[in-house]
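Got your viewer open? Load the model below and let's walk through it stop by stop.

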Amino acid sequence: MKIFVWGTGCPVSGLIGKYIAAENVEAFVDGGGTKTLFMGRPVITPAELAIREADLIVVANSHGTEIAEECKKLGIDDRKLFYMYDNYALLDRNLDYLPAERALGRELTDKVRRSGRVIRPMDGENVPGGDYVRIKSMRLAAGEIYAGNVPGAAAELGVYRGEFASEINRAFPDRKLYLFDTFTGFGASEAAAEKKSGGCVEAFIRVHENTDAAMVLARLERPENAVIMAGLFPDSLNGLEERFAFVSLDVDFEDSTYSGLCYFYPRLSPGGYIFLHDYNSPDLHGAKRAVKRYETDTGERLRRVPLCDIGGTLAVVK
């Protein structure tokens, strides 16, 4: 079968190496990227996909609604589309599971069939990517910070392509936003250790290399507020001392999350928030281990509010 994979971001790691090998993918599809090669396979545009012969197109990202509309405009047969992450609408977009079941196995298709249906925003807000709970919760937290005159800057450790950073930037229009990331992927030693211990697969490491600081800044509504702190954390701090009102920790692995807690929590203003992404993830366990380790080492119990968003975020309130 000629299989194409739509997406080159983090969700692809839930497919490649688990249900299909990269060498069995004809090409990856990316509508806005600049790469021509990903995991050793070509990267093509949606328009190029429309003129290619495809037996199955696996949509491995969270923009299913937008992709469905684009495929309709391009004349791509929607019966060839298999949406891996189909829990962002009440209606099942997958019209025919059999091609995906033959190519990828019944385990994955059954998993998608069983996935919960999540109601999309009811208030007309524009929430990109489908992660309504995470973004809406962050906006509400920002409202509490402003209502309580909580002082401090905003920050994100683990920026990747800047989707959540752009929302933080929008929610805190008058505050500095520190963006900590290598902007080239995970630190090699920590990634290798996580892979060896079974904490992640190779595809998960590779997809996070597909970013750069310019891509992130281009997403921001107010890029003048952003301070790029490139490099491995905490070395990238370069002696920075700051107070914070809101911090996003999204570095996936235990040691990096622990380092983030050690730096940011003592500098978090009373009434401030830290959002730890993937705390209740079924696949990534680093954030949960880091919280336990931090509490054990400091003797301080963090005030936790778990969120029911896609990544299982934990909100910590000081």
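One term before we set off: a contact here means heavy atoms within 4.5 Å. With that in mind, select Tyr97 as a warm-up. Leaving aside residues up to four places away in sequence, Tyr97 touches Phe82, Asp92, Thr109, Val112 and Arg113. Keep in mind as you look around that this is a predicted model.

**Stop 1: around Tyr97**

Show the cartoon around your selection. You'll find Tyr97 in the loop between strand 6 (81–83) and helix 3 (98–104). Is Tyr97 buried or exposed? Its relative accessibility is 10%, so Tyr97 counts as buried, the cut-off being under 20%. Now add Gly312 to the selection and draw a distance between the two C-alpha atoms: Tyr97 and Gly312 are 215 residues apart along the chain, and 27 Å separates them.

**Stop 2: the whole chain**

Zoom out and colour by secondary structure. You should be looking at 11 helices and 13 strands. The radius of gyration is 20 Å, close to the 20 Å that the globule rule gives for 318 residues, so the chain is as compact as a globular protein of that length. Turn the C-alpha trace along its principal axes and the spans come to about 55 × 45 × 35 Å.

Switch on the surface next. About 14,800 Å² is exposed, and carbon and sulfur atoms supply 51% of that area. Of the 318 residues, 51% count as buried. As for contacts with a separation of 6 or more, 68% of them come from residues 24 or more positions apart. Colour by charge and you'll see 39 positive and 46 negative side chains, with the centres of the two sets 2 Å apart.

**Stop 3: helix 10**

Select residues 254–264, which make up helix 10. This helix is mostly covered, with eight of its 11 residues buried. To pick them out, show Glu254, Ser256, Thr257, Tyr258, Gly260, Leu261, Tyr263 and Phe264 as sticks. What do these buried residues pack against? Their partners include strand 7 (153–157), strand 8 (177–181), strand 10 (244–249) and strand 11 (268–276). On the helical side, they pack against helix 7 (188–196) and helix 11 (286–298).

**Stop 4: helix 7**

Hop over to helix 7 and show Glu190, Ala191 and Glu194, which are buried. Look down the axis of helix 7: its buried residues fall within an arc of 100°, so they line one face of the helix. Spin to the other side and you'll meet Ala188, Ser189 and Lys196, which are exposed. The buried residues of helix 7 pack against helix 8 (202–207), helix 10 and helix 11. Just past this helix, click on Gly198, whose phi is positive, near 85°.

**Stop 5: backbone oddments in the loops**

Start with Phe183, in the loop between strand 8 and helix 7. Phe183 is not a glycine, yet its phi is positive, near 60°. With a relative accessibility of 5%, Phe183 counts as buried.

Then select Asp252, in the loop between strand 10 and helix 10. Asp252 isn't a glycine either, and its phi is positive at about 75°. Asp252 is buried too, with a relative accessible area of 8%.

For the last click, go to Pro234, in the loop between strand 9 (226–230) and strand 10. What kind of peptide bond joins Phe233 and Pro234? That bond is cis, with omega at about 10°.

Terms used: Residues are numbered from 1 along each chain as its sequence is written. This is a predicted model: local features need pLDDT of at least 70, side-chain atom pairs count only at pLDDT 80 or more; totals for chains, interfaces and linings use all residues. Side-chain values use heavy atoms; hydrogens and water are left out. Buried means under 20% relative accessible area, exposed over 50%, partly exposed in between (1.4 Å probe, protein chains only). Helices (H or I, at least four residues) and strands (E, at least two) are DSSP runs, numbered from the N terminus. The radius of gyration is taken over C-alpha atoms; the globule rule is 2.2 Å times the number of residues to the power 0.38. Accessible areas come from the Shrake-Rupley method with a 1.4 Å probe; for residues, only the protein chains shown count as cover. Lys and Arg count as positive and Asp and Glu as negative; His and the chain ends are not counted. The place of a charge is taken as NZ of Lys, CZ of Arg, CG of Asp or CD of Glu. The arc is that of the directions from the helix axis to the C-beta atoms.
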